[in-house]
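Please open the model in your viewer with the cartoon and the side chains available, and follow the stops below in order.

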Amino acid sequence: MTMTRPNDPFTSDIARFHEVKGAKDEPFAELTRYHEVRGVREMVESFRVREVPSYYVKPVNERRFTPPSAAVLSMEQQIPCIDLEALSGQELLSAIANACRDWGFFQVLNHGLPSQLVQNMAKQSSEFFAQPLEEKMKCSTPARVSGPVHFGGGGNRDWRDVLKLNCAPASIVAKEYWPQRPAGFRDTMEEYSSQQQALAIRLLKLISESLGLESNYLVAACGEPKVVMAINHYPPCPDPSLTMGIKAHSDPNTITMLLQDDVGGLQVFKEDRWIDVRPLPNALVINVGDQLQCRVEKIRAITGGNRGSSSSRQATSRAELGRVEQWSAVRSSNSSSSRACTRDAMGCKCDGDRVEILSNGKYSSCLHRVVNNNRQARTSIATFFSPAHACIIGPAPGLVDEVNPAIYPNIVYADYIKAFYTQALGPNNKNGGYLAGIELHRRYNCYTSSSSISS
Ligand SMILES: O=C(O)CCC(=O)C(=O)O
Ligand SMILES: [Fe+2]
């Protein structure tokens, strides 16, 4: 097991905790608790951290500059930017269709959110994280991560703090725990969240139409949606080459809307390149969520199964074959080393196979990550719009015919999310780890990726 280095700021804390609890075999257990409860910013400030504690050092293949996960950084390419006022009718639908199909990511301008509201939201969000720990911890609820409000360090030992708030449906919202400071923040968040929900619905209608579906199709398919807001805060990091703000992932939900400040750090993966999503004034970043990425068809095509037979679906790459072989290894082995290997291959390196199931493979979600910097803190506000957990998600019947058979099975969204998060805990997770993913495979014959976000 990895040990803390002697100069880790946590070493004395750890020694003390061990004396008290005799937990000598779990050097990271208390660090995990510290990270979850207090977060990165508190650690950096109270221990005057000048180098990255080993707890936050990413495995080499997940670091920013390590191929293949680093691949080539592209300075020239940019995700599409769509002006919702300048375009209309078929022109707007085509722009949305191209962006969702080719990128899974785009920025929108003239999205209709009042600029004063957006500015207040951005300003008060960074002010929230600059407050003393006691103030931030008022937003902790007993159930922490699964609760309606959560403040703490981000998952996966990422160099990130987060304030997560359930925003809908009303039954999972606890406004009494929403921050009261800075002054006015609670009201701002309430207004911002309802404006974001309206925008999500507007975008889902446009996306439905761009698929040739009835305007309300995707909204109705999500049932009573679950909406979660995650305010991410990335403190400056002494050595960003060793850490990640958020490790590579794709979002598991339907659609995500992100407000980022002008610092930068978000990158999307396309054709073997990590591309910076450059902050644009007054823009929101939109990304298509996984909505499920069941690869049953490709697995069957590769392994000789016969359901679905379009030649394009059978044209699988060597890389995909490798992943399926690794997946088979997961199913046939309980050793943690083979699980770790599989997680890396499926969770961090694969591109081009993240497909939203409702669109029956027409639109793709996209791997993205956030890199840290050593100059200034970055704050971003993500709104995740998800189907109701009880929803059964499957390819839209309007997109399925003899030429385009359904390429994904129907699945209960709650099952997907459960597997998604238990997988995200990693190979050392004692509460199930990849077993949940295997269970999903057994029940639905599909697999999922791992990730790090709250939704
Ligand atoms: O902070 C960002 O730019 C992205 C955050 C993100 O990907 C997430 O919360 O899922
Ligand atoms: Fe994300």
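Accessible areas here come from the Shrake-Rupley method with a 1.4 Å probe, and for residues only the protein chains shown count as cover. With that convention, the protein exposes about 18,900 Å², of which carbon and sulfur atoms supply 51%. This is a predicted model, in which local features need pLDDT of at least 70 and side-chain atom pairs count only at pLDDT 80 or more, whereas totals for chains, interfaces and linings use all residues. Residues are numbered from 1 along each chain as its sequence is written, chains are lettered from A and ligands numbered from 1 in the order in which they are written, and side-chain values use heavy atoms, with hydrogens and water left out.

**Whole protein**

Begin with the cartoon, where the secondary structure comes to 13 helices and 15 strands; helices (H or I, at least four residues) and strands (E, at least two) are DSSP runs, numbered from the N terminus. Of the 455 residues, 56% count as buried, where buried means under 20% relative accessible area, exposed over 50% and partly exposed in between (1.4 Å probe, protein chains only). Among the contacts with a separation of 6 or more, residues 24 or more positions apart account for 77%, a contact being heavy atoms within 4.5 Å.

**The eight-stranded sheet**

Next select the open sheet of eight strands, which follow the order β2-β3-β11-β8-β13-β6-β5-β4 with mixed pairing; two strands pair if DSSP finds at least two bridges between them. At its edges are β2 (81-83) and β4 (149-153), each of which pairs on one side only. Neighbouring strands of this sheet are turned by 20° against each other on average, direction ignored. For these and later angles, axes are lines fitted to C-alpha atoms, for helices over the stretch in contact, and angles run from 0 to 180 degrees between N-to-C directions.

Within this sheet, select residues 284-288, which make up β11. Is this strand enclosed by the rest of the structure, or open? Five of the five residues of β11 are buried, so the strand is largely enclosed by the rest of the structure. Show its side chains: Leu 284, Ile 286 and Val 288 point one way, Val 285 and Asn 287 point the other way, and all are buried. On one pairing, β3 and β11 run antiparallel and are joined by four bridges, with Phe 105 as the bridge partner of Asn 287. Strand β8 (residues 255-260) also pairs with β11 in the antiparallel sense over four bridges, and here Met 257 stands opposite Ile 286.

Move to β4, which is joined by five bridges to β5 (residues 161-168), the two running antiparallel; Gly 153 stands opposite Asp 161 in β5.

**Helices across the sheet**

Add helix α2 (residues 29-46), which lies across β4, β5 and β6 (226-234) and runs at about 60° to β4. Then add helix α3 (residues 89-102), which lies across β2, β3 (105-109) and β11 and runs at about 160° to β2.

**Aromatic pairs**

A search of the whole structure finds eight aromatic pairs; rings of Phe, Tyr and Trp (its six-membered ring) pair if their centres lie within 6.5 Å, and planes under 30 degrees apart count as stacked, over 60 as edge-to-face and the rest as tilted. Select Tyr 56 and Trp 159, an edge-to-face pair at 5.2 Å centre to centre with 75° between the planes. Tyr 56 lies in the loop between α2 and β1 (72-74) and Trp 159 in the loop between β4 and β5, so the pair ties together parts that are 103 residues apart in sequence. Tyr 56 is buried at a relative accessible area of 1%, and Trp 159 is buried at 0%.

Now select Phe 128 and Phe 151, which form an edge-to-face pair at 6.1 Å centre to centre with 75° between the planes. This pair links distant parts of the chain, with Phe 128 in helix α4 (residues 115-130) and Phe 151 in strand β4, 23 residues apart. Phe 128 is buried, with a relative accessible area of 1%, and Phe 151 is buried at 0%. Extend the selection to Phe 129 and Phe 185, since ring pairs link Phe 128, Phe 129, Phe 151 and Phe 185 into a cluster.

**Charges over rings**

Show Lys 175, whose charged end sits over the ring of Trp 178, 5.3 Å from its centre; a charge sits over a ring if NZ of Lys or CZ of Arg is within 6 Å of the ring centre and within 35 degrees of the ring normal. Then show Arg 369, whose charged end sits over the ring of Trp 274, 4.1 Å from its centre.

**A last stop**

Finish at Pro 53, in the loop between α2 and β1, which is buried with a relative accessible area of 0%. The C-alpha atoms of Pro 53 and Pro 238 are separated by 9.8 Å, although these residues are 185 apart along the chain.
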